[in-house]
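Trainee: I'd like to talk through this model with you, taking the charged pairs before the ligand. Where should we begin?

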Amino acid sequence: MAHEYDVVILGGGTGGYVAAIRAAQLGLKTAIVEKGKLGGTCLHKGCIPSKALLRSAEVYATTKRGEDFGVVTGDVSLDFTKVQKRKHQIINQLHKGVQHLMKQGKIDVYEGIGRILGPSIFSPMPGTISVEMNSGAENEMLIPKNVIIATGSQPRTLPGLEIDGNVVMSSDEALEMESLPDSILIVGGGVIGIEWASMLSDFGVEVTVVEYADRIIPTEDQEISKEMQRLLKKKGIKMVTGAKVLSETLTKDNGVTISAEVKGVVKEFKAEKLLVSVGRLANTEGIGLENTEIQIDKGFIVTNEFYQTKESHIYAIGDVIGGLQLAHVASHEGITAVEHIAGKNPTPLDYHLVSRCIYSRPEVASVGITETEAIEKGHKVKVGKFSFRAIGKALVLGESDGFVKMIADEETNDLLGVHMIGPHVTDMISEAGLALVLDAVPWEIANTIHPHPTLSEAIGEAALAVDGKAIHG
Ligand SMILES: Cc1cc2nc3c(=O)[nH]c(=O)nc-3n(C[C@H](O)[C@H](O)[C@H](O)COP(=O)(O)OP(=O)(O)OC[C@H]3O[C@@H](n4cnc5c(N)ncnc54)[C@H](O)[C@@H]3O)c2cc1C
């Protein structure tokens, strides 16, 4: 039987389900097709499970140093089964919440694999969607006026470094580990690799990170990378940069052994497990793109600023279009696409204003451009930096590593970028994000009174430091 809709969304991840809610709010008859679980990667294999594990790791590490706070705990041990159980409970609660939101919005959810068909008896244009139902029931046929492809991404690996799910893992398998290894080699020192390195080290695992670029988290400001490298090293994590992993040398016998070429010298690494974190591949296979005119570039679906593909009634959002592969980006793209479908004339998303976060210990958060990018763009920059060491609240928390760095244009005073490393910076970056959206200049941030004692005082001080006026620095 065929069902007609204003919008059908292929994929119920953070991009897809948020788009569905906005569509329902705008009165559009909406359906979602999801082959796995509503909530997608972020809820089941990404943001939420990783942050739940990171929090357990933080509590474990903090408890072990309880005496620093005058709290005598005796022997501290870890029950990893309970750690995983807690993670699952959080996921289940949020999953139920998403299911409830679908019901509340009267959004039809089809559990199965969706595929776009070409022009057919149902529609003269590509876009009819056939759903192979997970239940085994007969395929459903959906006839939408508009389609949003939100099929997300999956872990990428390196040729020759096949994921076996046991010794060689991607983040998908690592999240489901039933026990912790004694040692791990992490290939890739980007956001996901560094979060895992920090978490596993806090859990007591011996961690080595090998990164191809000449610094870890290479898309962040250079000073942030340097500070992160220093602080992770202090935690006992080994980091090797400028390292080209030689996949063909991989052997799996009592753990893994693999070599990497590091600045012309071949070095061997051994560990119980290997985690590959080298980026994500867009899910473009098997969704019927061959039945459309949709273009792909470097593996990602090509769209305009309203997320229309070459077939203007078929939109694509989230990880499947590449760019910043972040949950909050996927959902904003979904909202923009739906508002465009509804004729609401949305403002295209300015990616320069998107905050980026790393939830390791220490955390990293940034918005706007780095100092190097600013110089490359021809700005004469002035930089304000303020250390958490001079912030009372950071000392109270016992977390005084890191700093806030603010970059402004010397001539115009325009704020160009804010980069932070330290405690709870992922919760503080939105102030800098708002400042950029409102086109604020550093003295306006400094004149925003930051309550004492809070970590946010570091932002006010960094803003003052831009003009050499920091009070406590
Ligand atoms: C370990 C890890 C940690 C992360 N941490 C963060 C973080 O802290 N913050 C952050 O912002 N981002 C984080 N991310 C990234 C974030 O998860 C993604 O950017 C986000 O999930 C993208 O949303 P999406 O809707 O585009 O795709 P997804 O969430 O991947 O959802 C796509 C959905 O489409 C479904 N699907 C695919 N093909 C079909 C089909 N043919 N038919 C039906 N359904 C289909 C899939 O089952 C899936 O549910 C993390 C990712 C990983 C892997």
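Mentor: We begin with the salt bridge, which here is a side-chain nitrogen of Lys or Arg within 4 Å of a carboxyl oxygen of Asp or Glu. The model is predicted, so local features need pLDDT of at least 70 and side-chain atom pairs pLDDT 80 or more, while totals for chains, interfaces and linings use all residues. Residues are numbered from 1 along each chain as its sequence is written, and side-chain values use heavy atoms, without hydrogens or water.

Trainee: How many salt bridges does a search of the whole structure find?

Mentor: The search finds 23 of them. One is the pair of lysine 252 and aspartate 164, whose side chains meet with N and O 2.8 Å apart. Lysine 252 lies in strand E11 (residues 243–252), whereas aspartate 164 lies in the loop between strand E6 (153–155) and strand E7 (168–169), so the pair ties together parts that are 88 residues apart in sequence. Strands and helices are DSSP runs numbered from the N terminus, with at least two residues (E) for a strand and at least four (H or I) for a helix.

Trainee: And is lysine 252 buried, exposed or partly exposed?

Mentor: Lysine 252 is partly exposed, with a relative accessible area of 45%, and its partner aspartate 164 is partly exposed as well, at 35%. Buried means under 20% relative accessible area and exposed over 50%, with partly exposed in between (1.4 Å probe, protein chains only).

Trainee: OK, next one: which residue does lysine 238 pair with?

Mentor: Lysine 238 forms a salt bridge with glutamate 206, and the closest N and O atoms are 3.3 Å apart. This pair also links distant parts of the chain, since lysine 238 is in strand E10 (residues 238–240) and glutamate 206 is in strand E9 (residues 206–210), 32 residues apart. Lysine 238 counts as partly exposed at 46% relative accessibility, and glutamate 206 counts as partly exposed at 46% too.

Trainee: What about lysine 270, exposed or buried?

Mentor: Lysine 270 is exposed, and glutamate 268 is exposed too. These two residues form a salt bridge in which the closest N and O atoms are 3.8 Å apart.

Trainee: Which residues are linked in a network of salt bridges?

Mentor: The network links Arg65, Asp68, Asp202, Lys235, Arg361 and Glu399.

Trainee: Switching to the ligand, then. How many residues surround it?

Mentor: The shell holds 38 residues, and the closest are Gly15, Glu34, Thr41, Lys51 and Ala327. A residue is counted in such a shell if one of its heavy atoms lies within 4 Å of the molecule.

Trainee: Which atoms of glycine 15 and glutamate 34 lie by an oxygen atom of the ligand?

Mentor: For glycine 15, a backbone N or O atom lies 2.8 Å from an oxygen atom of the ligand. For glutamate 34, a polar side-chain atom lies 2.6 Å from an oxygen atom of the ligand. On the nitrogen side, a polar backbone atom of glycine 114 is 2.9 Å from a nitrogen atom of the ligand.

Trainee: Which elements give two or more residues to that shell?

Mentor: They are helix H1 (14–25), strand E2 (30–34), helix H2 (40–45), helix H3 (47–64), strand E3 (108–116) and helix H8 (327–341). H2 gives the most, with four residues.

Trainee: A couple of single residues before we stop. Where is valine 83?

Mentor: Valine 83 sits in helix H4 (residues 80–104), and at 8% relative accessibility valine 83 counts as buried. Its C-alpha atom is separated by 6.9 Å from that of leucine 53, although the two residues are 30 apart along the chain.

Trainee: And threonine 292, buried or exposed?

Mentor: Threonine 292 is buried, with a relative accessible area of 11%, and is found in the loop between strand E15 (280–282) and strand E16 (296–297). A polar atom of the threonine 292 side chain lies 2.7 Å from the backbone oxygen of leucine 289. Polar contacts are pairs of N or O atoms within 3.5 Å; within protein, one must be able to donate a hydrogen and the other to accept it, and residues adjacent in sequence count only if both atoms are side-chain atoms.

Trainee: Last one: which strand holds alanine 282?

Mentor: Alanine 282 is in strand E15 and counts as buried, at 12% relative accessibility. From C-alpha to C-alpha, alanine 282 and threonine 41 are 12 Å apart in space, with their positions 241 residues apart in sequence.
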